[in-house]
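When helices lie against one another, it helps to ask two things of each pair. Two packed helices are described by the angle between their axes and by the distance between those axes.

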Amino acid sequence: DSIAESDSTRIFIHDFVIAFLKYQASFHEAFMKLEKIQKELEKTLSPKRFRHSAGVADMARHLAHLYGASEEKACLAGWIHDCAKEMTLSEMQHVVKKAHLTFDDAEHMLKSRALLHGPAGSVLAKTAFGIDDEEIQGAIYYHTTGRVGMTLLEKIVFLADYIEPNRDFPGVEDLRSLAEKDLDQAVLAAYDSTISHLIDQGAYIYGLTFFGRNDMVEKLAKH
């Protein structure tokens, strides 16, 4: 019996060590990928945009930890979300056209850098940064507009972009406090703040934002 128990213990330790080494290798690979992405972004983004991206990554990781999402995915999406932000409109249009992206409201989407940088960034996440994860790509795609039926990661990046530490506007501290207590209520508040700002500016409200906001209202009404 003691020999059998000894063999069993050795097998357990062996399996544990192998699993740990695989985890360690995976962690190292993810760290190296993130470090490479950060260096590339630092070269291509303005210092202000780079600081914002770092802030979004930190806030997204914090919210992911708080609400049970993947911290690694949240951090990566946060870093990359604005990778296309400082491209020209024609450059963004070229990126989405080459990827064969289509839009329900192409007339407005394709004429707006503010709207188009999300979809363009989701393409670059794959083609320029090697991110094949569709969940990360989706979080980057919808981080400005939102949408109906947002995933947990999409909500986290959407909100992190709005309340990251470098943001400074009336009501942002209240939003940060709300984000610590209720993710969905904070996302709705961010929608409302965005839409109010657009109305004040006399600007067009993109359909995904309008319907995404109403979807969140209906979801919260059911709870």
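In this predicted model, Phe 50, Ser 53, Ala 54, Val 56, Ala 57, Ala 60, Arg 61, Ala 64 and His 65 of helix α2 meet Glu 71, Ala 74, Cys 75, Gly 78 and Trp 79 of helix α3. Sorted by class, the residues in this contact of α2 with α3 are nine nonpolar, three polar and two charged. Helix α2 covers residues 47-67 and helix α3 covers residues 71-80, and the two pack at an angle of about 160° with their axes 7 Å apart. Because angles over 145 degrees count as roughly antiparallel, α2 is roughly antiparallel to α3. The crossing in which α2 passes α3 is right-handed.

Helix α3 also packs against helix α7, which spans residues 134-141, and here the angle is about 40° while the axes lie 9 Å apart. That angle makes α3 oblique to α7. On the α3 side the contact is made by Lys 73, Leu 76, Ala 77 and Ile 80, and on the α7 side by Glu 135, Ile 136, Ala 139 and Ile 140. These residues of the contact of α3 with α7 divide into six nonpolar, no polar and two charged.

A third pair is formed by α8 and α10, whose axes come within 10 Å and cross at roughly 50°, and these two helices are therefore oblique to each other. In this contact Leu 152, Lys 155, Ile 156, Phe 158, Leu 159 and Tyr 162 of α8 meet a set of residues in α10 that includes Leu 183, Asp 184, Val 187 and Thr 194. By class, the contact of α8 with α10 has ten nonpolar, two polar and two charged residues.

The table sets out the handedness of the crossings beside the angles and distances.

| Helix pair | Angle | Axis distance | Crossing |
|---|---|---|---|
| α2 and α3 | about 160° | 7 Å | right-handed |
| α3 and α7 | about 40° | 9 Å | right-handed |
| α8 and α10 | roughly 50° | within 10 Å | left-handed |

Which helices each supply at least two residues of the lining of the largest pocket? They are α6 (113-127), α8 (152-163) and α10 (183-200), so that α8 and α10, described above as oblique to each other, appear again here. The largest pocket has a volume of about 730 Å³. It is lined by 24 residues, and the closest to its centre are Ala 114, Thr 144, Thr 194, His 197 and Leu 198. By class, the lining of the largest pocket has nine nonpolar, nine polar and six charged residues.

Key. Residues numbered from 1 in each chain as written. Predicted model: local features only at pLDDT ≥ 70, side-chain atom pairs only at ≥ 80, totals over all residues. Heavy atoms only, no water. Axes fitted to C-alpha atoms, helices over the stretch in contact; angles between N-to-C directions. Helix = DSSP H or I, 4+ residues; strand = E, 2+ residues; numbered from the N terminus. Parallel < 35°, antiparallel > 145°, perpendicular 65-115°, else oblique. Left-handed = near helix turned anticlockwise from the far one by under 90°. Contact = heavy atoms within 4.5 Å. Nonpolar A, V, L, I, M, F, W, Y, C, P; charged D, E, K, R; others polar. 1 Å grid on protein atoms, 1.4 Å probe; cavity = no way out; pocket = protein on both sides within 12 Å on 5 of 7 lines; lining within 4 Å. Points joined across faces, edges and corners; volume = space filled by probe spheres on them.
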